[in-house]
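Colleague: Before we discuss the details, please show me the sequence and the structure. I should then like to ask how each description is justified.

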There are 2 protein chains.
Amino acid sequence: MATPANATTFSGEVWAELRLADASDVPHIHALIHQMAEFELLTDLFAATHELLTSTLFPSPPRPPFTSFTALILDLSSSPLPASGPSTIASHRLDLSASPLADPEAAAFASPRGGGRVTAGFVICFPNYSTFLSKPGLYVEDIFVRAPWRRRGLGRMMLSAVAGKAAELGMGRVEWCVLDWNKNAIDFYEGMGAEVLPQWRICRLTGAALDKYKGNQEEWGGSKAAE
Amino acid sequence: MATPANATTFSGEVWAELRLADASDVPHIHALIHQMAEFELLTDLFAATHELLTSTLFPSPPRPPFTSFTALILDLSSSPLPASGPSTIASHRLDLSASPLADPEAAAFASPRGGGRVTAGFVICFPNYSTFLSKPGLYVEDIFVRAPWRRRGLGRMMLSAVAGKAAELGMGRVEWCVLDWNKNAIDFYEGMGAEVLPQWRICRLTGAALDKYKGNQEEWGGSKAAE
């Protein structure tokens with residue numbers, strides 16, 4: 001594919017920061033979720049809005065990171081980033097001298113942090129719980145990197161950072177899901193030390209099937225409960 | 001199996017309450033998790049302690065129910081229970097006149113709420129998040145009912161109550177996991193309106209494989225990140 005005339009080209013050294021998101025990142029998070037839905041051919045399930053993302057991911061008062069829904073943003077910059085700030089989860093340096101990278105959406109994804117930074121991906125994670133361990137873990141709901149930035153080690157960097165955070169917080173597990181036909185992803189995750197559990201299946205109650213349980217407690221009084 | 005001499009027999013009408021647990025329930029929760037580990041032949045994974053359960057499930061200050069890890073207790077009583085209290089999630093009446101029930105562990109599982117109540121099961125659930133919906137849901141980590149109380153509709157009652165709560169809170173989904181060979185459970189869940197997702201697999205990073213990510217952020221600086 002030819003490089004679009006308006007693409008921003010990144011070459012040489014590029015600095016990456018994985019940082020805590022805030023409400024100013026919502027427009028980019030929304031656009032990234034939509035790209036993810038397109039990638040997964042699941043746009044019919046896409047119902048995210050700026051308002052819902054803001055209220056659910058950035059409630060006020062805010063909750064400490066990794067104690068509730070936590071959004072992380074991956075920003076890239078052609079110039080060195082300042083030393084880690086309070087929102088930095090991980091920072092890294094890419095060497096693109098052997099293979100420069102054209103990002104046609106760099107302008108649209110200008111980071112709200114400014115300074116020429118470009119937002120290239122995001123992570124959504126939240127605590128889960130293992131009763132056997134009686135410990136919290138982290139569940140990674142999404143890891144997404146925009147197309148031009150893939151295959152540069154950024155997904156691994158993001159997952160490693162989340163795993164490092166979970167380990168530092170004394171959590172027992174990091175878990176996420178993968179499609180069983182996605183052999184490349186499975187090989188990648190196994191290479192990172194994960195096991196893919198073959199026998200567990202996810203059960204989901206949603207939409208009208210969920211709504212019918214609203215306020216139905218009375219249904220289980222009396223004889224029906226003895227079924 | 002003959003009824004043990006010291007079993008408590010329940011017959012006629014029995015009142016059930018699903019209620020929020022508190023720290024006084026920890027000994028029973030611990031014992032129920034151990035029974036669950038035995039049932040699943042997974043006692044080698046069992047590492048729960050009273051101290052860990054107390055600190056992770058009942059932190060202080062407490063968090064509102066269903067906004068973090070939430071433990072529910074199923075209590076049964078041979079005498080009518082008082083009207084719903086602030087910790088009541090659901091209350092129901094069982095008719096055991098056609099099939100009385102002997103509970104050999106009734107004394108060991110005397111409920112800390114007193115009044116002759118017996119603890120027969122528990123639920124652990126916590127919020128999860130759907131980016132496509134940009135809404136929280138509830139993930140049900142465990143639903144467990146002690147053996148003598150099974151096949152009385154109590155599991156359905158508990159899952160229905162959790163689903164009802166999720167629907168009332170405006171959540172988008174209730175999810176849980178099932179083993180793919182457990183056809184009875186799958187039929188039961190599908191009968192309750194759930195879909196079993198065939199293609200998703202759980203990936204898990206735990207133990208030594210997780211610990212090696214502790215403090216390893218530096219590993220991804222420089223050339224390795226460009227792989």
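Modeller: Please keep in mind that this is a predicted model. I suggest that we begin with strand β8 of chain B, residues 173–179, where seven of the seven residues are buried, so the strand is largely enclosed by the rest of the structure.

Colleague: What makes a residue of β8(B) count as buried, and which residues point which way from the strand?

Modeller: Buried means a relative accessible area under 20%. Arg173(B), Glu175(B), Cys177(B) and Leu179(B) point one way from β8(B), Val174(B), Trp176(B) and Val178(B) point the other way, and all are buried.

Colleague: How do you know that β10 of chain A pairs with β8(B), and in which sense?

Modeller: Two strands pair if DSSP finds at least two bridges between them. Strand β10 of chain A, residues 200–206, and β8(B) have seven bridges, in the antiparallel sense, so the criterion is satisfied. Within β8(B), Glu175(B) has Arg204(A) standing opposite.

Colleague: What makes β7 and β8 of chain B a pair?

Modeller: Strand β7 of chain B, residues 135–145, and β8(B) share two bridges in the parallel sense. The requirement is at least two bridges, so they count as paired. Leu138(B) stands opposite Val174(B) in β8(B).

Colleague: Let us turn to the helices. How do you know that the span of α1 in chain B agrees with expectation?

Modeller: Helix α1(B) covers residues 26–39, and at 1.5 Å a residue its 14 residues should span 20 Å; the end C-alpha atoms are 20 Å apart, which agrees. The expected value is 1.5 Å times one less than the number of residues.

Colleague: Which residues of α1(B) are buried, and what do they pack against?

Modeller: The buried residues are Val26(B), His28(B), Ile29(B), His30(B), Leu32(B), Ile33(B), Gln35(B), Met36(B) and Ala37(B). They pack against α2 (50–57), β3 (70–77), β6 (118–130) and β7 of chain B. Just after the helix, Leu41(B) takes a positive phi of about 55°.

Colleague: Why is α3 of chain A called largely enclosed?

Modeller: Eleven of the 15 residues of α3(A) are buried, so the helix is largely enclosed by the rest of the structure. Among them are Leu154(A), Met157(A), Met158(A), Leu159(A) and Val162(A). The helix runs over residues 154–168 and reaches 21 Å from its first C-alpha to its last, close to the 21 Å expected. Gly170(A), just after α3(A), takes a positive phi of about 75°.

Colleague: What is notable about the backbone in the loop between α2 and β3 of chain A?

Modeller: Pro61(A) is found in that loop, and a cis peptide bond joins Ser60(A) to Pro61(A), with omega about 0°. Phe66(A) is found in the loop between α2 and β3 of chain A as well; its phi is near 70°, a positive value in a residue other than glycine.

Colleague: Why is Phe66(A) called buried?

Modeller: The relative accessible area of Phe66(A) is 5%. The limit is under 20%, so Phe66(A) is buried.

Colleague: What is found in the loop between α2 and β3 of chain B?

Modeller: Pro61(B) lies there, and Ser60(B) and Pro61(B) are joined by a cis peptide bond with omega about 0°. Phe66(B) has its place in the loop between α2 and β3 of chain B, and has a positive phi of about 70° although it is not a glycine. With a relative accessible area of 5%, Phe66(B) is buried.

Colleague: Why is Gly114(A) called partly exposed?

Modeller: Its relative accessibility is 28%. Buried requires under 20% and exposed over 50%, so Gly114(A) falls in between and counts as partly exposed. Gly114(A) lies in the loop between β5 (101–103) and β6 (118–130) of chain A. Gly114(A) and Thr131(A) are 17 residues apart in sequence and 43 Å apart in space, C-alpha to C-alpha.

Colleague: Finally, how many helices and strands does chain A have, and what share of its residues is buried?

Modeller: Chain A has five helices and ten strands. Buried residues make up 52% of its 227 residues. Of the contacts in chain A between residues at least 6 apart in sequence, 74% join residues at least 24 apart.

Note on methods:
Residues are numbered from 1 along each chain as its sequence is written. Chains are lettered from A and ligands numbered from 1 in the order in which they are written. This is a predicted model: local features need pLDDT of at least 70, side-chain atom pairs count only at pLDDT 80 or more; totals for chains, interfaces and linings use all residues. Side-chain values use heavy atoms; hydrogens and water are left out. Helices (H or I, at least four residues) and strands (E, at least two) are DSSP runs, numbered from the N terminus. Buried means under 20% relative accessible area, exposed over 50%, partly exposed in between (1.4 Å probe, protein chains only). Contact means heavy atoms within 4.5 Å.
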